[in-house]
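User: Please take a close look at one part of this structure and explain how it sits in its surroundings. I am new to this structure, so a connected account would be welcome.

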Amino acid sequence: MFQIPRMLLSATLLSGCAALLYMGALFFVVLVSVLAPSPERRKDARATLGILVRRRTRTR
């Protein structure tokens, strides 16, 4: 019973760290897609960004 609050805190911290890592990766890919010197590299970064933020359609 006493371990439940500790487990909830650990889960919250872990999900926060994962969100920060994901946001960092997105930020890096956005920077590369804007600042890359070659058009091919910018195109690849934009494709990667599209994969990372793809939204799934809902089916009923």
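Analyst: **A close look at Leu 31, Ser 33 and helix H1**

Leu 31 has a relative accessible area of 33%, and therefore counts as partly exposed, since that class lies between the buried limit of under 20% and the exposed limit of over 50%. The model described here is a predicted one.

Leu 31 belongs to helix H1, which covers residues 3-35. This helix has 33 residues, and the distance from its first C-alpha to its last is 48 Å, close to the 48 Å expected at 1.5 Å a residue. The protein chain as a whole contains two helices and zero strands.

On the surface, Leu 31 takes part in a nonpolar patch of about 480 Å², together with Phe 27, Val 30, Val 34 and Leu 35. For the protein chain, the accessible surface comes to about 6,000 Å², and 67% of it belongs to carbon and sulfur atoms.

The buried side of the account concerns other residues of H1. Of the 60 residues in the protein chain, 8% count as buried. Within H1, the buried residues are Leu 26, Val 29 and Ser 33. The cover over these buried residues of H1 includes helix H2.

Ser 33 allows this to be followed at the level of one residue. Ser 33 is found in H1 and counts as buried because its relative accessibility is 5%, where buried means under 20%. When neighbours within four places in sequence are left aside, Ser 33 is in contact with Arg 42, Ala 45 and Arg 46.

Asp 44 gives a further view of H2. Asp 44 lies in this helix, which spans residues 39-52. Asp 44 and Ser 33 are eleven residues apart in sequence, while their C-alpha atoms are 7.7 Å apart in space. The relative accessibility of Asp 44 is 44%, so Asp 44 counts as partly exposed.

Arg 41 is another residue whose place is in H2. Its relative accessibility is 53%, and Arg 41 therefore counts as exposed, the limit for that class being over 50%. With neighbours within four places in sequence set aside, Arg 41 is in contact with Val 32 and Ala 36.

Taken together, Leu 31 is partly exposed and helps to make the nonpolar patch, whereas Ser 33 is buried and has contacts with Arg 42, Ala 45 and Arg 46.

Technical notes. Residues numbered from 1 in each chain as written. Predicted model: local features only at pLDDT ≥ 70, side-chain atom pairs only at ≥ 80, totals over all residues. Heavy atoms only, no water. Helix = DSSP H or I, 4+ residues; strand = E, 2+ residues; numbered from the N terminus. Buried < 20%, exposed > 50% of the residue type's maximum accessible area, 1.4 Å probe, protein only. Patch = residues over 30% accessible without salt bridge, like charges linked within 9 Å, V, L, I, M, F, W, Y side chains within 5 Å. Areas by Shrake-Rupley, 256 points an atom, 1.4 Å probe, with all protein chains shown as cover. Salt bridge = Lys/Arg side-chain N within 4 Å of Asp/Glu carboxyl O. Expected span 1.5 Å × (residues − 1). Contact = heavy atoms within 4.5 Å.
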